[in-house]
Amino acid sequence: MQTEIVIISCPVCGATVDHAVRHNGFQAGGTSIGPSVIACPECGTWVGTNQSEWVEKSFLQRAWFVLQRLVWLIIGSVVVGGGMAIVTGTVAVESHWIDKSQQGTCVLTAFCAVSMLISAILVRNARREIRNSLERTRQSAVDHA
Ligand SMILES: [Zn+2]
């Protein structure tokens with residue numbers, strides 16, 4: 001998974017309006033959450049960002065957003081959780097903290113603990129992204145009232 005930073009510049013004066021961090025292949029389908037247009041700080045032109053707020057997204061885009069997070073969750077759990085669990089189990093046996101026969105249980109416990117931690121962090125981040133988006137939408141509705 002590669003990460004790139006996309007700089008959005010104003011088509012009128014060339015000033016940098018915003019930059020978005022993208023994870024290759026994971027931002028397809030218009031799932032990035034953010035303001036769909038941003039005013040250029042130099043000349044005030046409205047510049048499109050290829051993003052949209054949560055309320056503007058279609059059902060498919062929302063479903064895709066959730067699906068992406070699930071994929072991250074599964075990859076994170078297997079790679080990070082599995083890796084850490086195996087290391088923990090090996091170290092515990094070699095340090096004689098536990099018996100060789102307890103290694104399986106130890107690895108499984110460590111895997112569950114790390115996976116739960118990763119899940120909690122990812123779910124919290126996704127919920128915060130959506131909440132921030134809803135907050136911006138509410139705020140701009142107040143501004144325009
Ligand atoms: Zn400009």
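Is H96 buried or exposed? H96 is exposed, because it has 8 other C-beta atoms within 10 Å (a residue is exposed with 12 or fewer such neighbours, buried with 20 or more, and partly exposed in between, using C-beta atoms placed from the backbone). Keep in mind that this is a predicted model, where local features need pLDDT of at least 70 and side-chain atom pairs count only at pLDDT 80 or more, while totals for chains, interfaces and linings use all residues. Residues are numbered from 1 along each chain as its sequence is written.

**The overall picture**

- You'll find two helices and four strands in the chain (these are DSSP runs, H or I of at least four residues for helices and E of at least two for strands, numbered from the N terminus).
- Going along the sequence, the order is β-β-β-β-α-α.
- The chain is more spread out than a compact globule, because its radius of gyration is 21 Å, well over the 15 Å that the globule rule gives for 145 residues (the radius is taken over C-alpha atoms, and the rule is 2.2 Å times the number of residues to the power 0.38).
- Measured out along its principal axes, the C-alpha trace spans about 70 × 30 × 25 Å.
- Of the 145 residues in the chain, 11% are buried.
- Take the contacts with a separation of 6 or more: 48% of them join residues 24 or more positions apart (a contact means that two C-beta atoms, placed from the backbone, lie within 7 Å).

**The two helices**

- Helix α1 covers residues 59–94 and helix α2 covers residues 103–144.
- They pack at an angle of about 145 degrees, and their axes are 7 Å apart (axes are lines fitted to C-alpha atoms over the stretch in contact, and angles run from 0 to 180 degrees between N-to-C directions).
- The crossing of α1 and α2 is right-handed (the near helix is turned clockwise from the far one by less than a right angle; anticlockwise would be left-handed).
- Where α1 meets α2, the contact residues divide into 16 nonpolar, nine polar and one charged (Ala, Val, Leu, Ile, Met, Phe, Trp, Tyr, Cys and Pro count as nonpolar, Asp, Glu, Lys and Arg as charged, and the others, Gly among them, as polar).
- G81 is part of helix α1, and G81 counts as buried because it has 20 C-beta neighbours inside 10 Å.
- Leaving out residues up to four places away in sequence, G81 touches F111, V114, S115 and I118.
- From G81 to I33 it's 48 residues in sequence and 28 Å in space, C-alpha to C-alpha.

**The two domains**

- The chain splits into domain 1 (1–52) and domain 2 (55–145), with bounds that come from an automatic or database domain assignment.
- Their centres, taken over C-alpha atoms, are 26 Å apart.
- Eight residues of domain 1 are in contact with ten residues of domain 2.
- On the side of domain 1 that touches domain 2, the residues divide into three nonpolar, five polar and no charged.

**Two neighbours in α2: R136 and T137**

- R136 sits in helix α2 and is partly exposed, with 16 other C-beta atoms within 10 Å.
- Beyond residues up to four places away in sequence, R136 touches P35 and E53.
- R136 and W54 are 82 residues apart in sequence, yet 9.8 Å apart in space, C-alpha to C-alpha.
- T137 is in helix α2 as well, and is partly exposed with 15 other C-beta atoms within 10 Å.
- With the same kind of close sequence neighbours left out (up to four places away), T137 touches E53 and V55.
- T137 and S52 lie 85 residues apart in sequence and 10 Å apart in space, C-alpha to C-alpha.

**Loops and a strand**

- H96 is in the loop between α1 and α2, and its phi is near 60 degrees, a positive value in a residue other than glycine.
- N50 is in the loop between β4 (46–48) and α1, and has a positive phi of about 65 degrees although it is not a glycine.
- N50 is partly exposed, with 13 other C-beta atoms within 10 Å.
- V6 belongs to strand β1 (residues 3–9) and is partly exposed, with 13 other C-beta atoms within 10 Å.
- The C-alpha atoms of V6 and D18 are 8.5 Å apart, and the two residues are twelve apart along the chain.
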